[in-house]
Amino acid sequence: MELDRPEPQVYLAQALSSPQLPQELKPFYQAFERFYSNRLWYQLTATLESFFSVPSSAPFRIDLYESFIKDFQSKLDQLKLAGIVVTVARTYSEGTAAVSFLDSFISKFDSASTLEPFVLVTMERAHFKLLLGEAEETKEAMDRCEKVLNGLDSVELGVHASFYRVSGDYWKAKAEFADYYKNSLLYLACINLDKDLTQEERTSRAHDLGISALLGTIYNFGELLMHPILDSLTGTEFEVVRNLLFAFNSGDIARFESLIPEIASKEPFLQQHFPFLREKICLLALIESVFKRPTQDRKLPFAIISKEAQVPVEEVEHLVMKALALKLIKGTIDQPTSTVTISWVQPRVLDRKQIETLKERLEGWGDKVQAVAMHARSQAPSLFVAQ
């Protein structure tokens with residue numbers, strides 16, 4: 001049976017007179033009383049959101065909801081209310097209590113007019129279910145919410161952020177690196193990195209993204225290399241992950257091998273997957289070898305590939321077939337002549353060294369065009385006489 005609660009204004013007056021209420025929070029309660037009395041719901045909502053964003057408000061959030069917000073929650077913008085509800089849920093010390101609290105809102109928001117609040121609350125509930133080890137319910141929520149989001153013309157970034165964050169956490173728990181990588185990057189695209197994540201959270205997420213890029217079937221992670229979150233690893237114990245990403249992006253086997261001692265001491269999880277990492281860096285070295293060559297010079301002997309990808313000659317064919325299967329390159333293998341002809345290589349994000357190589361190639365191409373033009377002019381000067 002629910003305990004009797006004082007009237008909202010009485011509750012606010014009692015809270016203001018309580019010695020437990022920090023001085024910095026008193027202006028919020030005074031504003032609550034003023035806006036509530038004048039039925040200024042928009043202003044009251046904005047003030048509540050500001051209150052919940054203050055860390056010291058945490059011990060008072062549940063009581064504020066139960067004794068105050070609950071009285072007029074139907075008058076608030078329902079998506080704003082859902083955001084407040086999610087913040088309150090995160091205050092509970094036990095996941096089961098948070099789930100129970102959120103359960104009461106699922107049915108309230110399950111209507112055509114409140115689909116975004118429904119997704120927000122459902123995904124947050126799924127987050128707690130995942131923490132409680134009930135991953136199947138998390139996946140069910142993901143599948144249902146994905147269908148809802150696909151049916152909406154427009155969605156608030158905060159709703160999408162919640163969906164991608166929880167989905168990423170689910171795939172991380174399942175060790176599905178590529179799915180985690182995709183969802184986490186989408187999550188980062190929906191938030192303000194500096195405002196929404198602490199430094200510790202940025203470092204942790206950058207580390208996890210780096211691990212997933214290295215261990216997933218991902219051979220083009222330029223989007224991560226360009227993202228400012230990667231700078232969070234600089235100067236930390238996880239900087240080796242950042243260095244590995246750049247080494248892999250350029251197919252730099254020598255750099256990779258120089259980092260092996262750090263991998264062994266600082267990233268034991270990566271060390272467990274060393275054979276996969278070795279094969280992956282060899283594949284990326286093959287791509288880099290092709291990229292560096294002009295289009296008309298992409299018929300490579302096995303011996304060249306063996307040298308640049310650092311694999312035995314007898315393993316070159318397997319490496320090339322792997323690259324073809326992964327659609328990293330297109331081409332043909334000529335076994336009798338032990339050569340590979342490459343017609344296409346996967347587009348990729350370039351670092352400064354690679355851009356310099358491309359610049360040199362373009363300059364060389366320009367010189368050849370100019371030479372052909374000069375030759376043509378010398379052979380038929382009358383065609384170039386101004387009319």
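**Notebook: helix packing and the largest pocket**

Entry 1, H5 and H6. I looked up helix H5 (residues 78-89) and helix H6 (residues 95-109), which pack at an angle of about 165 degrees with their axes 9 Å apart. I note that the model is a predicted one. Angles over 145 degrees count as roughly antiparallel, and H5 and H6 are therefore roughly antiparallel to each other. I recorded a left-handed crossing where H5 passes H6. On the H5 side, I found the contact made by Gln78, Leu81, Ala82, Val85, Val88 and Ala89. On the H6 side, I listed Ala98, Phe101, Leu102, Phe105 and Phe109. Sorted by class, this contact of H5 with H6 holds 10 nonpolar residues, one polar residue and no charged residues.

Entry 2, H3 and H5. I then turned to H3 and H5, which pack at an angle of about 25 degrees, their axes being 11 Å apart. Angles under 35 degrees count as roughly parallel, and so H3 is roughly parallel to H5. I again entered a left-handed crossing, here of H3 past H5. H3 contributes Thr45, Leu48, Glu49 and Phe52 to the contact, and H5 contributes Lys80, Ile84, Thr87 and Val88. I sorted the contact of H3 with H5 by class and found four nonpolar, two polar and two charged residues.

Entry 3, the largest pocket. I looked up the largest pocket and noted a volume of about 1,600 Å³. Its lining comprises 38 residues, of which Val86, Thr87, Arg90, Tyr187 and Asp196 are the closest to its centre. I listed the elements that give two or more residues to this lining: helix H3 (41-52), H5, helix H7 (115-131), helix H9 (157-173), helix H10 (177-189), helix H11 (193-196) and helix H12 (199-215). Which element gives the most to the lining of the largest pocket? I found that H9 does, with eight residues. By class, I entered 15 nonpolar, nine polar and 14 charged residues for the lining.

Entry 4, cross-reference. I marked Thr87 twice: Thr87 of H5 takes part in the contact with H3, and Thr87 is also among the residues closest to the centre of the largest pocket.

Terms used:
Residues are numbered from 1 along each chain as its sequence is written. This is a predicted model: local features need pLDDT of at least 70, side-chain atom pairs count only at pLDDT 80 or more; totals for chains, interfaces and linings use all residues. Side-chain values use heavy atoms; hydrogens and water are left out. Axes are lines fitted to C-alpha atoms, for helices over the stretch in contact, and angles run from 0 to 180 degrees between N-to-C directions. Helices (H or I, at least four residues) and strands (E, at least two) are DSSP runs, numbered from the N terminus. Angles under 35 degrees count as roughly parallel, over 145 as roughly antiparallel, 65 to 115 as roughly perpendicular and the rest as oblique. A crossing is left-handed if the near helix is turned anticlockwise from the far one by less than a right angle, and right-handed if clockwise. Contact means heavy atoms within 4.5 Å. Ala, Val, Leu, Ile, Met, Phe, Trp, Tyr, Cys and Pro count as nonpolar, Asp, Glu, Lys and Arg as charged, and the others, Gly among them, as polar. On a 1 Å grid over the protein atoms alone, a cavity is a set of points where a 1.4 Å probe fits but cannot get out, and a pocket is an open set with protein on both sides within 12 Å along at least five of seven lines; lining residues have an atom within 4 Å of a point. Grid points are joined across faces, edges and corners, and a volume is the space filled by probe spheres set on the points.
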